[in-house]
Structure formats: structure tokens, C-alpha cells
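Student: I would like to take a close look at one part of this model, namely its charged side-chain pairs. Could you go through them carefully, with the criteria spelled out?

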Amino acid sequence: MSYVGFTHPNVVAHYKAQGDSLFQVHFDVSNEDERPFFQDGIIRTIESNGEQIHVKYEFEKYEYFEEIDDVQKVVIIAMTDNGGKSWFFAEEAEYFNDKIISKNKRLIKRS
């Protein structure tokens with residue numbers, strides 16, 4: 001449940017609206033052997049507008065049985081509307097999906 005708790009509410013609502021099965025598949029991290037892990041996060045962009053701050057992070061994503069040479073890069077966007085008191089997160093594809101985060105709410109531009 002902590003994964004859902006840290007995910008931006010718009011992302012959670014998007015998957016919840018598509019039904020319980022899709023919601024569970026997207027947020028299921030119960031199988032430790034299949035759970036990816038992220039490391040070596042690098043801040044790529046920080047944009048702010050008053051109390052609203054968006055940070056673009058790039059991580060290396062490792063699967064449990066993956067060779068080190070097969071590392072994927074994953075972009076996560078961290079967002080706060082209260083000057084950093086609380087943060088929510090979305091994957092890059094979710095952040096740039098107009099059905100989830102509208103264009104006028106985004107501070108980071110697609111690169």
C-alpha cells in the first residue's frame with residue numbers, strides 16, 4: 001500500500017477507474033523475486049512555480065534476474081504543491097499522459 005500512497009493521486013485515480021484487475025496489476029509489488037529495484041538516481045530537471053515543484057529523476061532499473069549490462073533507464077517525476085512538505089510520484093509516461101496530468105499542470109516539458 002505504500003507504493004500507492006506515494007503515487008500521485010491522479011495516477012491512482014486513472015488506474016482505479018479502469019477496474020480492480022488493472023489497478024492490482026499496476027500496483028502489485030508482492031512478489032519479491034519479480035520486484036525491480038532502482039538505484040543511482042540523478043536529478044535531470046527542477047521546475048517550480050510558487051509552492052509547486054516538479055523534479056525529473058532518472059534511475060537505473062534492475063530486475064531481479066537481469067544481467068548488469070541490461071540495465072534500463074527509468075524517469076520518475078516527483079511533484080509537490082506545498083513547497084516540499086509532501087511529495088507524490090509518477091512515471092514519465094503517466095506524467096505526460098493528458099488523461100492523468102493535464103498539460104496546464106505540468107512544469108516539466110517533454111525532452
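Student: To begin with one partner, is Arg-106 buried or exposed, and what is its relative accessibility?

Tutor: This is a predicted model, in which local features need pLDDT of at least 70 and side-chain atom pairs count only at pLDDT 80 or more, while totals for chains, interfaces and linings use all residues. Residues are numbered from 1 along each chain as its sequence is written, and side-chain values use heavy atoms, with hydrogens and water left out. Arg-106 counts as buried, at 10% relative accessibility, where buried means under 20% relative accessible area, exposed over 50%, and partly exposed in between (1.4 Å probe, protein chains only). Its side chain meets that of Asp-98 in a salt bridge at 2.4 Å, N to O (a side-chain nitrogen of Lys or Arg within 4 Å of a carboxyl oxygen of Asp or Glu), and Asp-98 is partly exposed, with a relative accessible area of 45%.

The structure holds three salt bridges. Another of them joins the side chains of Arg-44 and Glu-58 at 3.0 Å, N to O; because Arg-44 lies in strand 1 (residues 37–49) and Glu-58 in strand 2 (residues 52–62), this pair ties together parts that are 14 residues apart in sequence. Strands here are DSSP runs (E, at least two residues), numbered from the N terminus. Arg-44 is partly exposed at 46% relative accessibility, whereas Glu-58, at 19%, counts as buried.

The side chains of Lys-73 and Glu-60 also meet in a salt bridge, at 3.4 Å, N to O, and this pair links distant parts of the chain, with Lys-73 in strand 3 (residues 72–80) and Glu-60 in strand 2, 13 residues apart. Lys-73 counts as exposed, at 54% relative accessibility.

Conventions. Helices (H or I, at least four residues) and strands (E, at least two) are DSSP runs, numbered from the N terminus.
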